[in-house]
Amino acid sequence: MTRFALITAAALLVAPVAASAQQAIEAGPIWNQQHANQVCPAIAASQGGEWTGHWWTTIPNEMSVCQIRTEQPARAVEAGPIWNQQHANQVCPAIAASQGGEWTGHWWTTIPNEMSVCHIR
């Protein structure tokens, strides 16, 4: 098996990974745990996520947030040629940030001397 075929096979094994992300979603005022138990699951569902059970007040008597977990699929984003790990450490975090994501630390070459991809979520 050639090096290119090995890299491609490894890429296929990594590509379908999904990671969860947590975020705080504004919910208006939440008065107590019982109120959070009513409000937060609906807010999480509206965001395509799941309530973690955590909430907190950000502005007393005005705003609280519900912490929700959503699945973010990881994907490969073209990055031009990446020559080595040091180069990937420079290129991939910037590409991930431009896509509103986070670099997983993985990258691979798809077309030697022409194209590599950064694995982001």
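What follows is a chat between a trainee and a mentor about this predicted model.

Trainee: Hi! Can we begin with the overall layout? How many helices and strands are in the protein chain?

Mentor: Sure. Keep in mind that we are looking at a predicted model. The protein chain has three helices and six strands, and along the sequence they come in the pattern α-β-α-β-β-β-α-β-β.

Trainee: And what share of the residues counts as buried?

Mentor: Of the 121 residues in the protein chain, 34% are buried. The exposed surface comes to about 7,400 Å², with carbon and sulfur atoms supplying 54% of it.

Trainee: Next, contacts. Taking those with a separation of 6 or more, what part comes from residues 24 or more positions apart?

Mentor: That part is 53% of such contacts in the protein chain.

Trainee: Okay, on to the cysteines. How many disulfides are there?

Mentor: The count is two. Cys 40 is bonded to Cys 66, with the sulfur atoms 2.0 Å apart, and Cys 92 is bonded to Cys 118, with a sulfur separation of 2.1 Å. If you number the bonded cysteines in sequence order, the pairing reads 1-2, 3-4.

Trainee: Where do Cys 40 and Cys 66 sit?

Mentor: Cys 40 belongs to helix H2 (residues 33–46) and Cys 66 to strand S3, so this link joins distant parts of the chain, 26 residues apart. Both Cys 40 and Cys 66 are buried.

Trainee: What about the other pair, Cys 92 and Cys 118?

Mentor: Here the link runs from helix H3, which holds Cys 92, to strand S6, which holds Cys 118, and the two are 26 residues apart. Cys 92 is buried, with 0% relative accessibility, and Cys 118 is buried at 0% as well.

Trainee: Is the disulfide of Cys 92 and Cys 118 left-handed or right-handed?

Mentor: Left-handed, because the torsion about its S-S bond is about -75°. The link of Cys 40 and Cys 66 is left-handed too, with -70° about the S-S bond.

Trainee: Nice. Changing topic: how many salt bridges does a search of the whole structure find?

Mentor: One. Arg 69 pairs with Glu 50, and their closest N and O atoms are 3.0 Å apart. Arg 69 is in strand S3 (residues 63–73) and Glu 50 in strand S2 (residues 50–59), so the bridge ties together parts that are 19 residues apart in sequence.

Trainee: And how accessible are Arg 69 and Glu 50?

Mentor: Arg 69 has a relative accessibility of 28%, so it counts as partly exposed. Glu 50 is partly exposed as well, at 48%.

Trainee: Let's turn to the sheet with S4, S5 and S6. In what order do the strands come?

Mentor: The order is S4-S6-S5, in an open sheet with antiparallel pairing. Strand S4 (75–80) and strand S5 (103–111) are the edge strands, each pairing on one side only. On average, neighbouring strands in this sheet are turned by 30° against each other, direction ignored.

Trainee: How many bridges hold S4 and S6 in register?

Mentor: S4 and strand S6 (residues 115–120) pair over five bridges, in the antiparallel sense. Arg 75 stands opposite Ile 120 of S6.

Trainee: Which helix packs on that sheet?

Mentor: Helix H3 (residues 85–98), which touches S4, S5 and S6. The direction of H3 makes about 110° with that of S5. H3 is also the helix that holds Cys 92, whose disulfide partner Cys 118 is in S6.

Methods: Residues are numbered from 1 along each chain as its sequence is written. This is a predicted model: local features need pLDDT of at least 70, side-chain atom pairs count only at pLDDT 80 or more; totals for chains, interfaces and linings use all residues. Side-chain values use heavy atoms; hydrogens and water are left out. A salt bridge is a side-chain nitrogen of Lys or Arg within 4 Å of a carboxyl oxygen of Asp or Glu. Helices (H or I, at least four residues) and strands (E, at least two) are DSSP runs, numbered from the N terminus. Buried means under 20% relative accessible area, exposed over 50%, partly exposed in between (1.4 Å probe, protein chains only). Two strands pair if DSSP finds at least two bridges between them. Axes are lines fitted to C-alpha atoms, for helices over the stretch in contact, and angles run from 0 to 180 degrees between N-to-C directions. Contact means heavy atoms within 4.5 Å. Accessible areas come from the Shrake-Rupley method with a 1.4 Å probe; for residues, only the protein chains shown count as cover. A disulfide is a pair of cysteine sulfur atoms within 2.5 Å.
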